[in-house]
Each structure stands twice: as C-alpha cells, then as structure tokens.
Amino acid sequence: RWNIKYKADGEEARNYEFRLLPGGRMLNNHPNDKTMDNDAWESKGRYLMLRFNNSFVVYTGVLNKQGDAINGHAVNRGGDSWAWNARRLPPCSATRN
C-alpha cells in the first residue's frame with residue numbers, strides 16, 4: 001500500500017493510494033480513474049513502471065534502498081510530464097466488532 005503525490009502543470013496537486021498486487025495488477029483510488037481493471041505494474045530490481053488507464057499515463061521510478069519510498073517521473077499520451085513520489089503506508093488493520 002502506497003501514497004502517491006504529484007503536481008502536474010495546469011492541475012491541482014494530487015494525493016491518493018495505490019496497491020501493487022500479484023501478477024502485475026494494481027489498484028488505486030485516484031478520483032479520475034473510472035476503469036479500475038486496466039492498471040498494471042512491473043519491476044526489475046529497484047526500478048518500477050506503473051501503467052494507469054491502459055498506459056494513458058506511465059510512471060517510472062526507483063525504489064529507495066530502505067524500500068519505503070519511490071521517486072520518479074510520469075508522462076501521458078499527450079506528452080505532459082511531471083515528477084512524482086510515493087511513500088509506503090503501514091498495512092491496513094482489520095477491526096472486529
């Protein structure tokens with residue numbers, strides 16, 4: 001579970017969560033994402049690639065040595081690009097009533 005932050009030109013700052021799932025699947029709660037089943041991720045060593053909305057936007061980044069932060073750059077099909085960073089969040093805790 002990760003929290004991602006970025007500020008793209010012409011847009012307000014964004015802050016949302018994403019989860020990297022087995023098999024390259026990814027879930028996120030970005031407010032503009034209407035198609036939750038077409039996001040994917042892949043990694044090679046500390047290098048990551050996150051693909052949102054059938055690769056409309058591709059985020060590339062590097063996981064730090066501690067494994068708790070990712071810093072990188074994103075680009076969309078329109079050619080817009082921006083820096084981004086993500087921080088690992090603690091696991092969700094289930095509560096019983």
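## An open antiparallel sheet and its largest pocket

In this predicted model, eight strands form an open sheet in the order β3-β2-β1-β8-β7-β6-β5-β4, and the pairing between them is antiparallel. The edges of the sheet are taken by β3 (26-28) and β4 (40-44), each of which has a single partner strand, so one side of each is left without a neighbour in the sheet. Direction ignored, neighbouring strands of this sheet are turned by 25 degrees against each other on average. Strands of a sheet pair through backbone hydrogen bonds, and this pairing may be either parallel or antiparallel.

A walk through individual pairings can begin with β1 (residues 2-6) and β2 (residues 14-20), which run antiparallel and are joined by five bridges. Within this pair, Asn3 has Glu17 of β2 as its bridge partner.

Further along the order, β6 has β5 and β7 as its neighbours in the sheet. Strand β5 (residues 47-52) is joined to β6 by six bridges, with the two strands running antiparallel, and here Tyr47 stands opposite Val62 of β6. The hairpin of β5 and β6 has four residues between the strands, and in this hairpin Asn53 takes a positive phi near 55 degrees. On its other pairing, β6 is joined by seven bridges to β7 (residues 69-76), again in an antiparallel arrangement, and Leu63 stands opposite Ile70 in β7. These two strands also form a hairpin, with five residues between them, and Gly67 in the turn has a positive phi of about 80 degrees. Strand β6 is mostly covered, since five of its seven residues are buried.

The sheet strands also contribute to the largest pocket, which has a volume of about 430 Å³. Its lining comprises 21 residues, and those nearest the centre of the pocket are Tyr6, His30, Asn32, Phe56 and Val57. The elements giving two or more residues to this lining are β2, β6 (57-63) and β8 (81-88). In character the lining is mixed, with eight nonpolar, seven polar and six charged residues.

Which residues, beyond its neighbours within four places in sequence, is Arg14 in contact with? Arg14 has its place in strand β2, and, leaving those sequence neighbours aside, it is in contact with Ile4, Lys5, Tyr6, His30, Pro31 and Asn32. Among these contacts are Tyr6, His30 and Asn32, which are also named among the lining residues nearest the centre of the largest pocket. The relative accessible area of Arg14 is 16%, and because a residue counts as buried when this value is under 20%, Arg14 is classed as buried.

How values were computed:
Residues numbered from 1 in each chain as written. Predicted model: local features only at pLDDT ≥ 70, side-chain atom pairs only at ≥ 80, totals over all residues. Heavy atoms only, no water. Pairing = 2+ DSSP bridges. Axes fitted to C-alpha atoms, helices over the stretch in contact; angles between N-to-C directions. 1 Å grid on protein atoms, 1.4 Å probe; cavity = no way out; pocket = protein on both sides within 12 Å on 5 of 7 lines; lining within 4 Å. Points joined across faces, edges and corners; volume = space filled by probe spheres on them. Nonpolar A, V, L, I, M, F, W, Y, C, P; charged D, E, K, R; others polar. Buried < 20%, exposed > 50% of the residue type's maximum accessible area, 1.4 Å probe, protein only. Contact = heavy atoms within 4.5 Å.
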